[in-house]
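Let's take a walk through this structure together, starting with the overall layout and then moving in on a few spots. Keep the 3D view open as you read.

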Amino acid sequence: MLHGPANPCTTADEGAHGCSNGIMRLFVAIALPPEAASELDEVVAPLRPAWPDLRWTGRDAWHLTLAFLGEVDESVTTELAVRMERAARRHPCLSLSLAGAGAFPGANRARVLWTGIQGDRRGLGMLAASAGAGAQRAGARPANSGRGYQPHLTLARCRAPADMNSLVGTLADFAGIPWVAKEIHLIHSRLSANPRYEVIGTWPLRGALGS
């Protein structure tokens, strides 16, 4: 867990998993609680067999991304931890829920299927802005900087554009249970045939128990 200096790259084969020559693929996110993940899985699971060409995400990949940092030099992780701690303690806990569905760039020729976020979206946007600004000050410029923040949780991806209107319609009325986000995480994405996600830092939001 990264609360100070860390060296996640320690084995000879890390290059195959997203950490090579001190370069790490990182993003800042809020984790989905088990209850909300289970509820979403019950809704999504029946849809997967009818859409085998989509690359469906699983529970281990269900994070609410605040800032995607992309390829980051390991040397900045200590300063990044300091900045993320400061960003987290400036913002209160957030009441959120999953709801509805959509597709990027559009349902007619979609490459990404997602479910949306309801609740304190304004507070979520402010937290995302703080995380992105802190990362930039640490020397890890967010790959998505300059774009408007669109809170969502990715459900599936498609290599070629696909008509996902029916999927979006099926999920349109989905309304998940509300939950409270109490912390943010710095996550190391290890790319491979089966991507793995390793939490390397966690910081409580203001007002969270023990903060």
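**A guided walk**

The protein has 4 helices and 10 strands; helices (H or I, at least four residues) and strands (E, at least two) are DSSP runs, numbered from the N terminus. Going from the N terminus on, the elements come in the order β-β-α-β-β-α-β-β-α-β-α-β-β-β.

A few ground rules before we go further. This is a predicted model, in which local features need pLDDT of at least 70 and side-chain atom pairs count only at pLDDT 80 or more, while totals for chains, interfaces and linings use all residues. Residues are numbered from 1 along each chain as its sequence is written, and side-chain values use heavy atoms, with hydrogens and water left out.

That pLDDT is the predictor's confidence in each residue, from 0 to 100. Its mean for the protein is 88, and 86% of the residues reach 70 or more. Take care at the start of the chain, though: over residues 1-19 pLDDT stays under 50, and the model has 45 contacts beyond four places in sequence for that stretch. A contact here means heavy atoms within 4.5 Å.

Now for the whole protein. Of its 211 residues, 47% count as buried, where buried means under 20% relative accessible area, exposed over 50%, and partly exposed in between (1.4 Å probe, protein chains only). The accessible surface comes to about 10,500 Å², and 50% of that belongs to carbon and sulfur atoms; the areas come from the Shrake-Rupley method with a 1.4 Å probe, and for residues only the protein chains shown count as cover. Among contacts with a separation of 6 or more, 78% are between residues 24 or more positions apart.

So what sits inside? A nonpolar core is a set of buried Ala, Val, Leu, Ile, Met, Phe, Trp, Tyr and Cys residues joined through side-chain atoms within 4.5 Å. The largest one has 55 residues, and Ile30, Leu69 and Ile184 touch the most other members. Look at Leu69: leaving out residues up to four places away in sequence, its contacts include Leu26, Phe27, Val28, Leu80, Ala135 and Leu186.

Helix H3 is a good next stop. How far apart are its end C-alpha atoms? They are 24 Å apart, which agrees with the 24 Å that the 17 residues of H3 (residues 121-137) should span at 1.5 Å a residue; the expected span is 1.5 Å times one less than the number of residues. Buried residues of H3 include Gly123, Leu124, Leu127 and Ala135. The helix's buried residues pack against strand S2 (23-31), strand S4 (63-73), helix H2 (77-89), S5, S6 and strand S9 (183-190). Just after H3, Gly139 takes a positive phi of about 100 degrees.

Gly139 also turns up in the surroundings of Val76, a residue in the loop between S4 and H2. Setting aside neighbours within four places in sequence, Val76 is in contact with Ala138, Gly139 and Ala140. The C-alpha atoms of Val76 and Ala138 are separated by 6.4 Å, although the two are 62 residues apart along the chain. Val76 is buried, with a relative accessible area of 13%. Glu74 lies in that loop between S4 and H2 as well, and with a relative accessible area of 15% Glu74 is buried.

Next, the aromatic rings. Rings of Phe, Tyr and Trp (its six-membered ring) pair if their centres lie within 6.5 Å; planes under 30 degrees apart count as stacked, over 60 as edge-to-face and the rest as tilted. By this rule there are 2 aromatic pairs. The rings of Phe27 and Tyr197 have centres 6.1 Å apart and planes at 75 degrees, so this pair is edge-to-face. It links distant parts of the chain, with Phe27 in strand S2 and Tyr197 in strand S10 (residues 196-204), 170 residues apart. Phe27 counts as buried at 7% relative accessibility, whereas Tyr197, at 31%, counts as partly exposed. Phe104 and Trp114 form a tilted pair, 5.4 Å centre to centre with 35 degrees between the planes. Phe104 lies in strand S5 and Trp114 in strand S6, so the pair ties together parts that are 10 residues apart in sequence.

Stay at Phe104 for one last detail: a cis peptide bond joins Phe104 and Pro105, with omega about -10 degrees. Pro105 lies in the loop between strand S5 (94-104) and strand S6 (110-119).
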